[in-house]
Amino acid sequence: MRNRDELLDSLASGVAPVKPAADPRLLAGLWLAFSALYVVLMTQLLGPIRPTAVGQLQTEPRFLLEMLVGATLAVGLAVTAFRTAVPGALKNGLILGVGVLGALWLGGFVLGLTSPALEPSMLGKRDHCFIETFVYALPPVLALIYWQRRLYALMPGQAAVWAGLAAGILPALYMQVACMYQPAHILAFHIGPALAVAAVAPLILRGWNRGGR
């Protein structure tokens, strides 16, 4: 018994204290605030929002609901992306809630193919919205992956996908007011590139890890 205690004491004496991981909710909030501000500013640099967007938010309940569901989904994705990097922090209830919100948000646009929330129009069309959505999401996804690497993601590839989804939805959501409103256009040119960010995020992580060796 004495030898075991001495062994444990000798092992413990050389262990440096480890700071506890930051609260993923705090990290998610900070990342989301700065990333959303960045996306809005970058989008505005290339052109104003759709001239009718503010009025439509005030007079069209279904359009307002689409935006609120999308904003809530963005928060859920950000929290999920950070929680995946902290062992034991990700709960099944959060994943289920995010999944339901995602289905509702996407389902609204699919329904909109036959019954749109707004009268489809070319007003506000941005010629390069597909590229904008993808490019604007890259700095936020890089920042999120950076923080995931500083934590301890047990499944880094899966965590990177969540990071891509969290970053991709931000410009896709803002394009709802910054670009034309047509459900088919939204699915292909706003949500499509957002999903593409999620697809390339694990590749970004892999390249980052290789470059750091």
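Which residues does T43 touch, not counting residues up to four places away in sequence? Some notes on this predicted model, beginning with that one.

1. T43 first. Its partners, leaving out residues up to four places away in sequence, are R126, E132, Y136, Y174, M175 and A178. T43 itself sits in helix α2, which spans residues 24–45. Its relative accessibility is 1%, so it goes down as buried, the cut-off being under 20%.

2. Now P48, which is in the loop between α2 and α3 (53–59). Is P48 buried or exposed? With 62% relative accessibility it counts as exposed, since the bar for that is over 50%. Even so, P48 has contacts beyond its neighbours within four places in sequence, namely R126 and A178. Both of those names also turn up in the list for T43. While you're there, look at G124: its C-alpha is 8.5 Å from that of P48, although 76 residues separate the two in sequence.

3. On to helix packing, with α4 and α5. Their axes lie 9 Å apart and make an angle of about 145 degrees, and the crossing is left-handed. By class, this contact comes to 11 nonpolar, seven polar and three charged residues. On the α4 side the residues include G70, L73, G76 and L77, and they meet a set in α5 that includes L101, G102, W105 and G108. The charged residues in the contact list include R62, E66 and R83, which belong to α4.

4. The other pair to check is α6 (residues 129–150) with α8. Here the axes come within 8 Å and cross at roughly 35 degrees. This crossing is right-handed. The class count for the contact is 19 nonpolar, four polar and one charged.

5. Last, the largest pocket. It holds about 240 Å³ of space, and 15 residues line it. Closest to its centre are L73, L77, L106, L165 and L195. L73 and L77 are worth a second look, as they also figure in the contact of α4 with α5.

6. Which helices supply at least two residues each to that lining? They are α4 (61–83), α5 (92–112), α7 (156–178) and α8 (183–211). In character the lining has 12 nonpolar residues and three polar ones, with no charged residue. So when you open the model, the pocket ties together two of the points above: α4 and α5 both contribute to its lining, and those two helices also pack against each other.

Terms used
Residues are numbered from 1 along each chain as its sequence is written. This is a predicted model: local features need pLDDT of at least 70, side-chain atom pairs count only at pLDDT 80 or more; totals for chains, interfaces and linings use all residues. Side-chain values use heavy atoms; hydrogens and water are left out. On a 1 Å grid over the protein atoms alone, a cavity is a set of points where a 1.4 Å probe fits but cannot get out, and a pocket is an open set with protein on both sides within 12 Å along at least five of seven lines; lining residues have an atom within 4 Å of a point. Grid points are joined across faces, edges and corners, and a volume is the space filled by probe spheres set on the points. Helices (H or I, at least four residues) and strands (E, at least two) are DSSP runs, numbered from the N terminus. Ala, Val, Leu, Ile, Met, Phe, Trp, Tyr, Cys and Pro count as nonpolar, Asp, Glu, Lys and Arg as charged, and the others, Gly among them, as polar. Axes are lines fitted to C-alpha atoms, for helices over the stretch in contact, and angles run from 0 to 180 degrees between N-to-C directions. A crossing is left-handed if the near helix is turned anticlockwise from the far one by less than a right angle, and right-handed if clockwise. Buried means under 20% relative accessible area, exposed over 50%, partly exposed in between (1.4 Å probe, protein chains only). Contact means heavy atoms within 4.5 Å.
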